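Visitor: Could you take me through the backbone of this model and give me a close look at its unusual torsions? I would like one connected account, please.

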Amino acid sequence: MGSTAVMMVGGPTKGTRFRPLSLTLMKPLFPIAGKPLVMHPVLACQKIPDLLQVVLIGFYSEDEMKTLDTALMSRELGVPVTYVQEESGGLGSAGGLHRFRDLLLQGNPEFLFVLNCDVCSDYPLNDMLAFHKTHGGQATLLVKRVDSQTARGHGAVVVEEGGKATGGGRVLHYAEKPGTLVSNTVNCGIYVFSCPSVFDTIGRLAEQKGKAVGFSAAEQALVPTSMLESLSARGRGKGAEDGPARLGMPDVFASLAESKQLYALESKGFWEQLKQPGSSLKFSRLYLSVMGSDLALARARLKGGPEVVGNVYIHPTAEIHPTAKIGPNVAIEAGAVISQGARVKDCIVLNDVQVLPHACIVNSIVGWGSVVGPWARIQGSEDYDAQLGVSILAEDVVVGPQVVVSSSVILPHKEIKSNVSNEIVL
């Protein structure tokens, strides 16, 4: 007996909200603090006792995912790590799990962990498992208390009053992105299920949903083709021969809450969701707070500089001039060059970027192969979730000498010769 972990890595839209960065590299592989985004939750699975395997499920082709080193992750975890591709159109987040039931049940796991790769957390997985074993329900959600505005855009979880006092309890009601305030406690996108009963529940709900919204062959003959296609794309209007209807996790949670089989454990640590490309800076800051900057400081002492402030990650192949000042909350990736007198703070500098003398970069993401000219300034606000908060230079952008780019997004292969503020440069 043991546990299997599943990582949900991407939907059919393939990171459209993550543009322009996803034009070069898809979101699950985007580097955060020196590791691909998806690798952080995968490696967090080390906390799970008696882990049997980790399975990544997504809509990306195996060719698109080939740069993800699953063999390296497997060696670090000591268990198999595999990627499987969901079918086009998808069966929904819960339906996708059911499709790979045979794979996920290999080794007869007693528990199934499900994590989403666009979530940043301290991943209290062991605590979740310990709590799950105490209540006897079928599922445990990790939840977090947030402000009212944030709560409206997430899965709302109403927990019994006694549970709030202890940090965990039975879920009385679940509502996915209600738009109005139902509860200040929200779903964090990290779950534990009991096996194999969860698959029986998903299968039963998918069958019920298919019957409720399906059309028989005779009924389909009376419905316009355009309407059938529209309904089918949303998992509706299918006959039995078309396979199961789409079933999302919210459908499962709502059903389990109604049957008194859903429980929630409140997170006491950090949690964020990747909403916009600028949210990457929040993820970087939080993961760097865990990693620290011992390696960057050791390298600086060895080479006589640069000055390192706070938590910083510097790739071994990056070249940093001793007179530069780096940090806090900075990640500098492979092959980047930071020249003399440069100031880099609260930012991500991607592969092969050149930051020329005395340039300044604050609250920004500088894309692959871009060049920031001498005395140029790239700056953004600390509103990481706004479309025009963090400044983002996509791949191969050249910013001229003394040019200021402020809270703007620059698409790939552009040359910026004059100041830009609060713009999207196409």
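Guide: Happy to! One cut-off helps before we start: a residue is called exposed when its relative accessible area is over 50%. Please keep in mind that this is a predicted model.

Let's begin with phi. Most residues other than glycine have a negative phi. Trp375 is not a glycine, yet its phi is positive, at about 60 degrees. To find Trp375, go to the loop that runs between β23 (371-372) and β24 (377-379). The relative accessibility of Trp375 is 56%, so this residue counts as exposed.

Gln402 can be read in a similar way. Its phi is positive too, at about 65 degrees, although Gln402 is not a glycine. The residue sits in the loop between β26 (398-399) and β27 (404-406). With a relative accessibility of 60%, Gln402 is above the cut-off and therefore counts as exposed.

Now for omega. Most peptide bonds are trans. The bond that leads from Cys195 to Pro196, however, is cis, and its omega is near -5 degrees. Pro196 belongs to the loop that links β11 (185-194) with α8 (197-213), so you can look for Pro196 between a strand and a helix, as those runs are assigned by DSSP.

A cis peptide bond also joins Gly327 to Pro328, with omega near 0 degrees. Here the proline, Pro328, is placed in the loop between β17 (325-326) and β18 (330-332).

Note on methods
Residues are numbered from 1 along each chain as its sequence is written. This is a predicted model: local features need pLDDT of at least 70, side-chain atom pairs count only at pLDDT 80 or more; totals for chains, interfaces and linings use all residues. Side-chain values use heavy atoms; hydrogens and water are left out. Helices (H or I, at least four residues) and strands (E, at least two) are DSSP runs, numbered from the N terminus. Buried means under 20% relative accessible area, exposed over 50%, partly exposed in between (1.4 Å probe, protein chains only).
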